[in-house]
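Student: I've got a model open and want to know what stands behind the labels people put on it. Can we go through them one by one?

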Amino acid sequence: MTCLNWVDSFANFDKDKIMKLAEYYPSEFDDNKLRDLNFQLDSFFVYARTYDSKFVNLKKIKDLVIVMAKTKLDQTWCHVYLLMKLTLILHVATASMERAFSSMKLIKNNLRNSISEEFWINTSFWWMNNG
């Protein structure tokens, strides 16, 4: 994701890593869209580095996405824009999933702790005779 960061005019730009990131979204980027993204990345970075002063003082990916939306460049480089949006969403989705699994773990532990030992003995006995 740092490959999409605008700091120092994309000093960390690595097209191969960006394409690999897009491959993690097969529902969004099929083979045709990956090919289009490949071409769009080339033209977008040339444009952003040389022709448009709006990109000069940007610090974060969100700033780049905002400028693209305001200037309608999201329509010209729609696949680049989509990948940047997905990159921004990834942090929120990951944190949400971690919270959900953490809650499930707490609930499961509480349930296990509240089940009496008699239940476990009866369950083991049943499995030995019926399992």
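Student: Why is Lys20 called partly exposed?

Tutor: Lys20 has a relative accessible area of 46%. Buried means under 20% relative accessible area, exposed means over 50%, and partly exposed is in between, with a 1.4 Å probe and protein chains only. So Lys20 falls in the middle class. A word on what you're looking at: this is a predicted model, where local features need pLDDT of at least 70, side-chain atom pairs count only at pLDDT 80 or more, and totals for chains, interfaces and linings use all residues. Residues are numbered from 1 along each chain as its sequence is written, and side-chain values use heavy atoms, with hydrogens and water left out.

Student: What makes the Glu23 and Lys20 pair a salt bridge?

Tutor: Their side chains come to 4.0 Å, N to O. The term asks for a side-chain nitrogen of Lys or Arg within 4 Å of a carboxyl oxygen of Asp or Glu, so this pair is counted. Glu23 is partly exposed as well, at 43% relative accessible area.

Student: How far apart are Glu23 and Lys20 in helical turns?

Tutor: About one turn, because they sit three residues apart in helix H2. An α-helix has 3.6 residues a turn, so residues three or four places apart point the same way. And "helix" here is a DSSP run of H or I with at least four residues (a strand is E, at least two), numbered from the N terminus.

Student: How many salt bridges turn up in the whole structure?

Tutor: Three. Another of them joins Asp42 and Lys15 at 2.8 Å, N to O. That pair links distant parts of the chain, with Asp42 in helix H3 (residues 31–50) and Lys15 in helix H2, 27 residues apart. Asp42 is partly exposed at 36%. Then there's Arg35 with Asp36, at 3.8 Å, N to O. Arg35 has 44% relative accessibility and Asp36 has 29%, so each of them counts as partly exposed.

Student: Why does Asp74 have no salt bridge?

Tutor: The nearest side chain of opposite charge is Lys72, and that one is 6.2 Å away. Lys and Arg count as positive, Asp and Glu as negative, while His and the chain ends are not counted. Set 6.2 Å against the cut-off for a salt bridge and the pair doesn't qualify. Asp74 is buried all the same.

Student: What does Asp74 touch?

Tutor: Met68, Ala69 and Tyr81, leaving out residues up to four places away in sequence. Touching is a contact, meaning heavy atoms within 4.5 Å. Asp74 lies in helix H5 (residues 73–76). Thr76 is in H5 too, and counts as partly exposed at 47% relative accessibility. The C-alpha atoms of Thr76 and Gln40 are separated by 8.6 Å, though the two are 36 residues apart along the chain.

Student: What stands out about the phi of Lys72?

Tutor: Phi is near 65°, a positive value in a residue other than glycine. Lys72 is in the loop between H4 and H5.

Student: How do you know on which side of H2 the buried residues lie?

Tutor: The buried ones are Ile18, Met19, Leu21 and Ala22. They cover an arc of only 155° around the axis, which puts them on the same side of H2. The arc is taken from the directions from the helix axis to the C-beta atoms. Asp16 and Lys17 are exposed on the other side of H2.

Student: Which residues of helix H4 are buried?

Tutor: In H4 (residues 61–70), they are Ile61, Leu64, Val65, Val67 and Met68. Those fall within an arc of 165° seen down the axis, so they line one face of the helix.

Student: Which element has the lowest mean pLDDT, and which the highest?

Tutor: Helix H1 (residues 7–10) has the lowest at 58, and H5 has the highest at 89. pLDDT is the predictor's confidence in each residue, from 0 to 100. For the protein, the mean is 76, with 60% of residues at 70 or more. Where pLDDT is low, the predicted coordinates should not be read in detail.

Student: And what does the secondary structure come to?

Tutor: Seven helices and zero strands. Of the 131 residues, 27% count as buried.
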